[in-house]
Amino acid sequence: MILPNNFKAEYNSIQEEIKAKAIEVLESGWYILGNELESFEEEFADYIGVKYCIGVGNGLDALFLSLKALGITTGDEVIVPSNTYIATVLVVSQVGAKPIFVEPEVGSHNLNPKLIEAKITSQTKAILPVHLYGLCANMPAIKKVAEKHKLYIVEDVAQAHGAKIDNQKAGSFGNTGAFSFYPTKNLGAYGDGGAITTNDSELAKEIKLLRNYGSSKKYYNDIIGYNSRLDEMQAAFLRVKLTYLDSWNQLRINSAQELKNQFSNEKWTWQTTPSNCQHIYHQLIACCKERDKTLDRLEKNGLKCLIHYPIPPYKSEAYKKMYTGHSYPIADSIAQTIFSLPLHGYMWEAK
């Protein structure tokens with residue numbers, strides 16, 4: 001059975017480096033806000049192509065602290081995709097703002113730039129595009145809308161470590177880029193972790209304060225802050241893994257193409273990739289009408305598939321009362337037909 005992830009194979013390929021890093025951190029006696037985090041922040045900023053990276057506790061915090069640092073608050077509105085994982089929506093509510101759903105493009109499944117302007121009001125303060133499944137949203141078009149209406153952009157890059165548009169990496173287009181290092185991600189920690197990327201020195205300074213109790217010096221608190229810090233051990237592990245990210249992404253790209261070739265005769269609709277984009281295949285997704293029968297057949301043939309995602313956020317128990325009477329047919333259609341094939345860099349060795 002080929003499963004969606006093979007953590008053991010990935011670990012085996014780098015275990016000596018990981019073990020050496022673990023011992024190095026343990027013997028250093030410094031476990032929070034130390035040299036490993038500073039080094040990772042510098043290396044990841046350089047990899048993404050931005051000036052600053054701030055390590056935080058997880059991907060949700062990366063989104064939350066981005067919105068807080070930008071001053072998004074009660075009474076504001078934030079444009080979000082109607083088709084996304086609910087975390088993108090939760091953070092908008094957590095800062096007191098209102099999520100405003102915009103439908104995706106049918107082919108890419110990402111936020112449709114052509115539909116954004118119709119949802120902008122005097123309360124709109126930001127756009128929160130998601131680079132779903134490892135494919136960048138149309139950031140040049142989204143940026144034009146944002147600049148025209150003087151809106152912030154917070155990129156949700158949780159699934160797109162290394163994805164590109166015209167050789168520019170996801171996480172470098174907006175005011176901030178919010179990353180998750182959850183273990184299943186293309187760049188995954190051995191636990192929770194996240195980071196925020198930006199080219200804005202004042203934003204970087206504010207986020208550093210917010211992640212550490214509002215303090216830049218112990219016991220001196222400048223603002224009301226939070227506790228959300230990427231720890232030294234996870235930063236050390238991520239430093240090792242970052243050196244392999246591009247090659248691991250290429251393995252995913254190769255595996256995705258192999259699967260597409262194997263199932264080329266199926267009446268499935270694949271996520272479309274624009275010619276100027278590099279898809280790094282956090283997920284390989286397809287849509288078909290008879291999904292249940294298809295998943296059952298695939299599992300009997302050794303492929304364990306998943307559904308990303310079965311319920312649009314506006315229909316979840318958390319939000320359905322707020323959006324009673326609203327309709328997002330494209331998000332509904334995707335949720336009813338989508339499935340994700342198992343895909344990781346070591347899948348062929350895992351047979």
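## Helices and the largest pocket

Helices here are DSSP runs of H or I with at least four residues, numbered from the N terminus. In this predicted model, helix 3 gives the most to the lining of the largest pocket, supplying three residues. Helix 3 spans 59-69, and helix 4 (87-94) and strand 8 (176-180) likewise each contribute at least two residues to that lining.

The largest pocket has a volume of about 620 Å³, and its lining comprises 33 residues, with Y85, Y182, T184, K185 and Y309 lying nearest the centre. Sorted by class, the lining of the largest pocket holds 16 nonpolar, 13 polar and four charged residues.

## The second largest pocket

The second largest pocket encloses about 410 Å³ of space and is lined by 17 residues, of which L33, N212, S215, S216 and K217 lie nearest its centre. At least two lining residues come from each of helix 2 (35-48), helix 6 (201-211) and strand 10 (215-217). In this second lining, seven residues are charged, while five are nonpolar and five are polar.

## A nonpolar surface patch

On the surface, L26, Y31 and I32 make a nonpolar patch of about 280 Å². Of these residues, Y31 is found in the loop between helix 1 (7-28) and helix 2. The relative accessible area of Y31 is 41%, so this residue counts as partly exposed, and because patch residues need over 30% relative accessible area, Y31 at 41% meets that cut-off.

Technical notes. Residues numbered from 1 in each chain as written. Predicted model: local features only at pLDDT ≥ 70, side-chain atom pairs only at ≥ 80, totals over all residues. Heavy atoms only, no water. 1 Å grid on protein atoms, 1.4 Å probe; cavity = no way out; pocket = protein on both sides within 12 Å on 5 of 7 lines; lining within 4 Å. Points joined across faces, edges and corners; volume = space filled by probe spheres on them. Nonpolar A, V, L, I, M, F, W, Y, C, P; charged D, E, K, R; others polar. Patch = residues over 30% accessible without salt bridge, like charges linked within 9 Å, V, L, I, M, F, W, Y side chains within 5 Å. Areas by Shrake-Rupley, 256 points an atom, 1.4 Å probe, with all protein chains shown as cover. Salt bridge = Lys/Arg side-chain N within 4 Å of Asp/Glu carboxyl O. Buried < 20%, exposed > 50% of the residue type's maximum accessible area, 1.4 Å probe, protein only.
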